[in-house]
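Visitor: Hello! I am new to protein structures and would like to learn how to read one. Could we look at one together?

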Amino acid sequence: MNDRLKGTIWMCISALGMALMGATVKFIGSDISTFEKLFFRNLIGVVMLLFTMRGQNINIWGSSNRSRLFMVYRCITGLTGAVLYFYCINKLYLADSALLNKLSPFFVTIFATLFLKEKLKKHQIPILVVVLFGALLVIKPKFSFEMLPALAGFLSAIFAGGAYTLVRYLRTMEEPSTLVLWFSAFSMVGMIPPMLIQGFVVPNGIQLFYLILTGIFATIGQIGLAHAYKYALASEVSIYQYLSIIFSAIIGFMFWKEIPDTLSLVGGLIIIGAAIFNYRLSKK
């Protein structure tokens, strides 16, 4: 099996994990705060990672001061994006929230150009404009508090794009498991103060079950993403992240009978179409 195929498989696993994570977050409901959901998600992640990394010769503390500094940056941007995304999931259709969050690869393109000095190809500029138009159809700006969840989803993509750019920068310095462990541990500790301030709610049996599933699926998604970028170039495998939108739409319809409105469907088709077009041109 070549590295490109490995990267593709890992990205598909990541997409499924993220879609299932979104579903379990929605199942938990609004009785449990976003901060508490994220705390449990990352607590489960830390336990899973430490268990699976046992006996492996992996340096979990980082290889250098420089890489540790950039892992902290990755943790801050990733956690901010996750908070915004969890808030968006609770307020919007699952497919809409997944669609907005999956604008992140386009922000990776922008950030990689600005900070990693990667060359922005001529065809990518009009594609970015088209994607922004598609995003506006999904967000449907109303200049009122009603658009806050959609705006949160859009901002989650910006922060996720920053986090994924840092993962790309760190991929030759640290093992994927180390990157995910740092993010999970940082997020777990970072959620404790706001969780306690807002008020810790003791979850009942079914809520605890979904909280555990959220952590398991999120960790699978993170590990899949890190391994995908380790084995293959982003231009080769990033398109498969969009499978999570399809998975989310199917799950949303099955469990909540969610059917996105016409503008969201058109915006989604524009964004996915632009992603496929960009992918094909990047391959050439």
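Visitor: Leaving aside its neighbours within four places in sequence, which residues is Thr219 in contact with?

Guide: Good place to begin, and keep in mind that this model is predicted. Beyond its neighbours in sequence, Thr219 is in contact with Gly45, Met48 and Leu49. Thr219 itself belongs to helix α10, which covers residues 205-231.

Visitor: Is Thr219 buried or exposed?

Guide: To decide, look at the relative accessible area: under 20% counts as buried. Thr219 has a value of 3%, so Thr219 is buried.

Visitor: Which residues touch the most other members of the largest nonpolar core?

Guide: That core has 61 residues, and the ones to look for are Met21, Leu100, Leu103, Phe106 and Tyr242. Try Leu103 as an example: not counting residues up to four places away in sequence, Leu103 touches Val131, Ala135, Phe154, Ala157 and Ile271. There is also a second, separate core of 15 residues, with Phe70, Val108, Val167 and Ala232 among them.

Visitor: Now for empty spaces. How many cavities of 30 Å³ or more does the structure hold?

Guide: There are six of them. The largest cavity has a volume of about 180 Å³. To read a cavity, look at what lines it. Here the lining has 15 residues, and Met18, Ala82, Ala160, Tyr164 and Gln222 lie nearest the centre.

Visitor: Which helix gives the most to that lining?

Guide: Helix α3 does, with five residues. Helices α1 (3-28), α3 (65-91) and α7 (148-170) each supply at least two. By kind, the lining divides into eight nonpolar, four polar and three charged residues.

Visitor: Charged residues make me think of salt bridges. How many does the structure hold?

Guide: Two. To spot one, look for a side-chain nitrogen of Lys or Arg within 4 Å of a carboxyl oxygen of Asp or Glu. One pair is Lys26 and Glu258, at 3.6 Å from N to O. Lys26 is in helix α1 and Glu258 in the loop between α12 (243-256) and α13 (262-283), 232 residues apart. Lys26 counts as buried at 16% relative accessibility, and Glu258 is buried too, at 8%.

Visitor: What does Asp261 form a salt bridge with?

Guide: Its partner is Lys140, with the closest N and O atoms 3.3 Å apart. Asp261 lies in the loop between α12 and α13 and Lys140 in the loop between α6 (124-139) and α7, so the pair ties together parts 121 residues apart in sequence. Asp261 counts as partly exposed, at 36% relative accessibility.

Technical notes. Residues numbered from 1 in each chain as written. Predicted model: local features only at pLDDT ≥ 70, side-chain atom pairs only at ≥ 80, totals over all residues. Heavy atoms only, no water. Core = buried A, V, L, I, M, F, W, Y, C linked by side-chain atoms within 4.5 Å. Buried < 20%, exposed > 50% of the residue type's maximum accessible area, 1.4 Å probe, protein only. Contact = heavy atoms within 4.5 Å. 1 Å grid on protein atoms, 1.4 Å probe; cavity = no way out; pocket = protein on both sides within 12 Å on 5 of 7 lines; lining within 4 Å. Points joined across faces, edges and corners; volume = space filled by probe spheres on them. Helix = DSSP H or I, 4+ residues; strand = E, 2+ residues; numbered from the N terminus. Nonpolar A, V, L, I, M, F, W, Y, C, P; charged D, E, K, R; others polar.
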